[in-house]
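Visitor: I am new here. Please show me the model, and then I will ask about it.

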Amino acid sequence: QPTLTGQIEGWDRGAGFTLRASVLKTVSPPMTTVIASAPIDAAGNFSITLPGSAVVGPLLTTQHSDPSQLPPGCTGDLQVNPQDFAGTSALFDAVSGTTTLSVSLSNLGTAPAGGVQISAGFAYADREVSETGTLTCSFSGFTQQSTADAHLKAGWNREVLQLTMNAAAKMATSSVSTGPLPDGVKWRFK
């Protein structure tokens with residue numbers, strides 16, 4: 001049950017907002033469930049605790065990964081071990097009355113020239129899961145190369161996603177990993 005403490009960059013909405021953490025369960029239709037909430041002060045400071053398995057367990061989505069069943073147009077050696085697990089991710093928003101703002105942990109707004117976007121998310125897994133390898137997908141003349149080096153523990157984990165776009169070359173590279181936050185990544189709202 002990790003407690004996330006931070007300050008939302010450039011917060012100008014004053015007091016009266018509540019930070020909510022939700023998870024999405026991919027059922028039909030998909031549904032979002034609020035799992036935690038905490039006040040945001042006038043300076044944008046907050047401290048929110050993500051709940052444990054008693055709350056999150058019933059909201060997990062079962063996942064199966066088969067490395068021999070790559071999406072159309074893709075090649076690679078992406079390995080997920082074990083192939084079957086259940087998980088979800090936390091989504092954050094700030095709410096006051098009828099106003100809802102999206103809140104995320106990213107470098108957007110400070111991305112250097114070259115278009116490197118970095119974001120961090122919080123994923124929950126019901127067991128230890130490792131995702132490693134590469135995947136290259138081509139569609140409509142555009143190529144995306146993804147690498148993974150993520151090692152999730154049972155419970156909540158921070159994942160860092162880095163995306164680099166090169167529109168001129170019609171190519172994108174992305175990576176997902178677990179570990180420390182890169183410089184410039186802050187809580188932001190829109």
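Visitor: Which residues lie nearest the centre of the largest pocket?

Guide: This is a predicted model, where local features need pLDDT of at least 70, side-chain atom pairs count only at pLDDT 80 or more, and totals for chains, interfaces and linings use all residues. Residues are numbered from 1 along each chain as its sequence is written, and side-chain values use heavy atoms, without hydrogens and water. A pocket is an open set of 1 Å grid points where a 1.4 Å probe fits, with protein on both sides within 12 Å along at least five of seven lines; lining residues have an atom within 4 Å of a point. The lining has 31 residues, and nearest the centre lie Ser 89, Ala 123, Glu 131, Glu 159 and Val 176.

Visitor: How do the residues of the lining divide?

Guide: Ala, Val, Leu, Ile, Met, Phe, Trp, Tyr, Cys and Pro count as nonpolar, Asp, Glu, Lys and Arg as charged, and the others as polar. The lining has 20 nonpolar, 9 polar and 2 charged residues.

Visitor: In β13, which residue is the bridge partner of Tyr 124?

Guide: Strands are DSSP runs of E, at least two residues long, and two of them pair at no fewer than two bridges. β10 and β13 run antiparallel, joined by 10 bridges. The partner of Tyr 124 is Trp 156.

Visitor: What pLDDT does the chain average?

Guide: pLDDT is the predictor's confidence in each residue, from 0 to 100. At least 70 is scored by 97% of the residues. The chain average is 92.

Terms used. Helix = DSSP H or I, 4+ residues; strand = E, 2+ residues; numbered from the N terminus.
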